[in-house]
Amino acid sequence: MIPTAPKPETRLHGIGVSPGIAVGPAERVGRALEEPERLILEQDEAEAEPARLEAALATTRDQILELQRALESEEGETTIFDAHLLILEDSSILNEVLRLVETQRKSVDWAYYTVSRRYIESLRKIDDPYLRERAVDIEDVAKRLLRNLRHEGREGSDDGVLRPQQSDTKILLAHDLSPSDTVGLDRSRVLGFATELGSSTSHTAIMARSLNIPAVVALHELPDDFSVGDIVLIDGYRGLVIFHPSPATLAEYETLRERERSVLTDLESLSDEETRTADGRKVILSANIEFLEELEGIVSRGAEGVGLYRTEFLYLGRGEPRDEAAQSENYRRVAEATHPHGAIIRTLDVGGDKLCPELYEEPEPNPFLGWRGIRLSLDREEEFRVQLRAILRASAHGKVRLMFPFLSTLEELRDARRQLELAKEELRSEGVPFDEKIEVGAMIEIPSAVLIADHLAREVDFFSIGSNDLIQYTTAVDRINDRVAHLYQPTHPAVISMIRETVEAAHRHGIWCGICGEVASDLVLAPVWIGLGVDELSVGGAQLLRMRRAISRLDSAPCRELTERLRACGTSAEVHGLCLDLASRAYPELLL
Ligand code: PEP
Ligand code: MG
């Protein structure tokens with residue numbers, strides 16, 4: 001055999017959606033939705049097709065329920081399968097399929113493929129990431145149903161679990177991975193994955209984080225010269241995928257991995273400690289959650305409660321809101337698990353990229369500037385009070401605070417508080433117990449709210465800064481638009497000023513101020529939050545211990561000096577440079 005030259009190292013940048021480093025042989029997985037044969041059936045054959053469809057629907061339904069149960073027992077995220085069941089039972093899809101079979105004597109395979117393909121294509125054209133994700137769900141259901149129509153198991157196995165074909169561990173590469181592909185992964189053999197499509201808001205990204213698999217999405221195109229078995233490295237921290245890494249790159253990453261391992265082992269010892277700066281100032285370090293399944297992990301890492309519970313995930317993908325009893329049971333579990341610190345439950349923040357299509361009669365022309373958060377709640381008072389009553393009921397079982405998202409005016413806060421008072425009166429008249437002194441907070445995530453922060457502060461118990469949105473609205477940069485991502489700058493001097501103003505306004509009025517956006521987890525910016533006197537940081541579960549360690553290495557005085565020096569900065573780069581300088585002197589080992 002003629003020896004081939006080693007393939008050159010190729011680096012592709014995507015979006016790192018689940019942190020960690022993984023290296024191993026590549027396996028290509030997943031097939032596109034393939035068009036079945038376009039047969040014209042005999043009349044009697046066509047008449048038998050609806051029964052074939054019925055049988056395949058029943059099998060598919062059982063498989064989805066099975067996957068859902070399997071994931072539930074592993075405490076993973078399962079709501080996506082409710083969406084899959086809704087798609088499977090969607091009468092408009094099924095009626096169209098049966099009409100095609102009846103009128104054109106086509107097989108149900110081809111008819112189902114054709115109808116779902118049409119839905120997928122129209123959804124993919126929509127300029128909204130949430131709806132585009134629904135295309136993935138329909139494709140996922142269609143692939144599964146077509147396999148069942150052919151009486152096949154899933155590719156690569158006969159038990160419905162997607163596996164690389166060889167027995168050793170692999171890096172999976174795919175055009176896209178559907179949520180049920182991701183759930184079906186045999187974790188003991190999947191080191192990491194990378195996909196051409198995807199976004200950090202996709203269900204697949206959410207699941208990768210909950211399954212702790214390093215992952216990079218949105219690579220756009222995999223290189224032509226890679227074959228199954230070639231070595232691939234996934235850097236989920238930087239969103240980097242390296243094909244055919246050179247010996248030097250592998251050595252560099254091995255060192256990084258060693259550092260990662262020893263940092264993680266060392267950090268575990270901090271799980272039971274309080275969060276204090278080196279000079280003893282207490283900072284509340286809490287965690288953001290979207291799902292109950294995250295509670296155990298954050299509690300075991302010593303989170304001081306939940307600083308942001310994104311309750312809209314109770315609604316998304318489900319097609320209908322939960323009733324009061326189910327919501328209050330859910331909130332009660334959060335409150336009890338986080339005892340004695342408790343939880344800040346944010347009222348519904350549907351809108352923007354978190355669309356609930358069933359709530360909208362007309363498509364939103366500009367969802368991020370439209371019917372979102374408190375605006376939507378105040379327009380649906382009955383449903384809003386259902387949520388408020390559910391939160392109040394939970395407050396009888398543990399420490400619960402509530403906060404309103406997306407406030408842009410003082411009137412909205414007053415209207416929301418009025419609804420809260422009504423909800424309290426309703427519960428009192430029914431004799432239902434709740435915390436009469438429940439604390440109420442305002443999310444500060446719109447520049448107009450920053451500029452009236454003194455007024456807002458007089459009427460709430462705390463502020464929580466939603467920096468994800470505050471950055472997007474301060475800089476006019478859509479937080480999910482790839483093309484302008486370089487302008488989405490957490491260290492923009494205007495953003496730092498907005499945060500400074502908010503913290504100062506809160507303190508002037510004797511209330512505390514936290515941050516619950518992603519910048520709260522940013523180790524480079526930790527000195528700024530300490531210097532500004534932020535009282536609480538609510539971070540992603542995976543960042544808790546790193547942030548606790550970082551804070552423990554910081555002294556308040558140099559952090560305060562830093563924040564004074566930042567006043568003179570005109571660019572993001574200058575702000576970043578000064579912060580990095582202090583952070584890398586305090587905890588170089590944490591800045592991988
Ligand atoms: C934010 O905007 O920073 C925030 C925490 O809320 P969300 O990311 O859910 O909009
Ligand atoms: Mg927000």
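1. A good place to start is ligand 1: one of its oxygen atoms is 2.7 Å from a polar backbone atom of Asn-468. Please keep in mind while reading that this is a predicted model. As for burial, the protein covers 100% of the 290 Å² of accessible area that ligand 1 has on its own.

2. Side chains also reach ligand 1. Arg-310 places a polar side-chain atom 2.8 Å from an oxygen atom of the ligand. Glu-445 does likewise, with a polar side-chain atom at 3.1 Å from an oxygen atom of ligand 1. It is worth displaying these two residues together with Asn-468, whose contact with ligand 1 comes from the backbone.

3. Now for the wider surroundings. There are 15 residues around ligand 1, and those that come nearest are Arg-310, Arg-346, Gly-466, Asn-468 and Arg-479. Sorted by class, the shell has eight charged, four polar and three nonpolar residues.

4. Which elements each supply at least two residues of this shell? They are strand 10, covering 306-310, and helix 16, covering 467-475. Helix 16 gives the most, with three residues. Asn-468, whose backbone contact opened this note, falls within the range of helix 16, and Arg-310 falls at the end of the range of strand 10.

5. Next, the empty space in the protein. Rolling a probe the size of a water molecule over the atoms shows where empty space is left. Here the count comes to four cavities of 30 Å³ or more. The largest cavity holds about 80 Å³ of space, and that cavity is the space taken by ligand 1.

6. What lines the largest cavity? The lining has 15 residues, and Arg-310, Arg-346, Glu-445, Asn-468 and Asp-469 lie nearest the centre. Strand 10 and helix 16 are the elements that give two or more residues to this lining. Helix 16 has the largest share, three residues. By class, the lining consists of eight charged, four polar and three nonpolar residues.

7. Two backbone details deserve a look as well. Most residues other than glycine have a negative phi, and most peptide bonds are trans. The peptide bond from His-339 to Pro-340, however, is cis, with omega near 0°. Pro-340 sits in the loop between helix 10 (324-337) and strand 11 (343-346).

8. The other detail is Arg-105, which is not a glycine but has a positive phi of about 55°. You will find Arg-105 in the loop that runs between helix 3 (91-104) and helix 4 (108-125).

Note on methods:
Residues are numbered from 1 along each chain as its sequence is written. Chains are lettered from A and ligands numbered from 1 in the order in which they are written. This is a predicted model: local features need pLDDT of at least 70, side-chain atom pairs count only at pLDDT 80 or more; totals for chains, interfaces and linings use all residues. Side-chain values use heavy atoms; hydrogens and water are left out. A residue is near a molecule or strand if one of its heavy atoms lies within 4 Å of it. A polar contact is a pair of N or O atoms within 3.5 Å; within protein, one must be able to donate a hydrogen and the other to accept it, and residues adjacent in sequence count only if both atoms are side-chain atoms. Accessible areas come from the Shrake-Rupley method with a 1.4 Å probe; for residues, only the protein chains shown count as cover. On a 1 Å grid over the protein atoms alone, a cavity is a set of points where a 1.4 Å probe fits but cannot get out, and a pocket is an open set with protein on both sides within 12 Å along at least five of seven lines; lining residues have an atom within 4 Å of a point. A molecule sits in a cavity or pocket if more than half of its atoms lie within 2 Å of its grid points. Helices (H or I, at least four residues) and strands (E, at least two) are DSSP runs, numbered from the N terminus. Ala, Val, Leu, Ile, Met, Phe, Trp, Tyr, Cys and Pro count as nonpolar, Asp, Glu, Lys and Arg as charged, and the others, Gly among them, as polar. Grid points are joined across faces, edges and corners, and a volume is the space filled by probe spheres set on the points.
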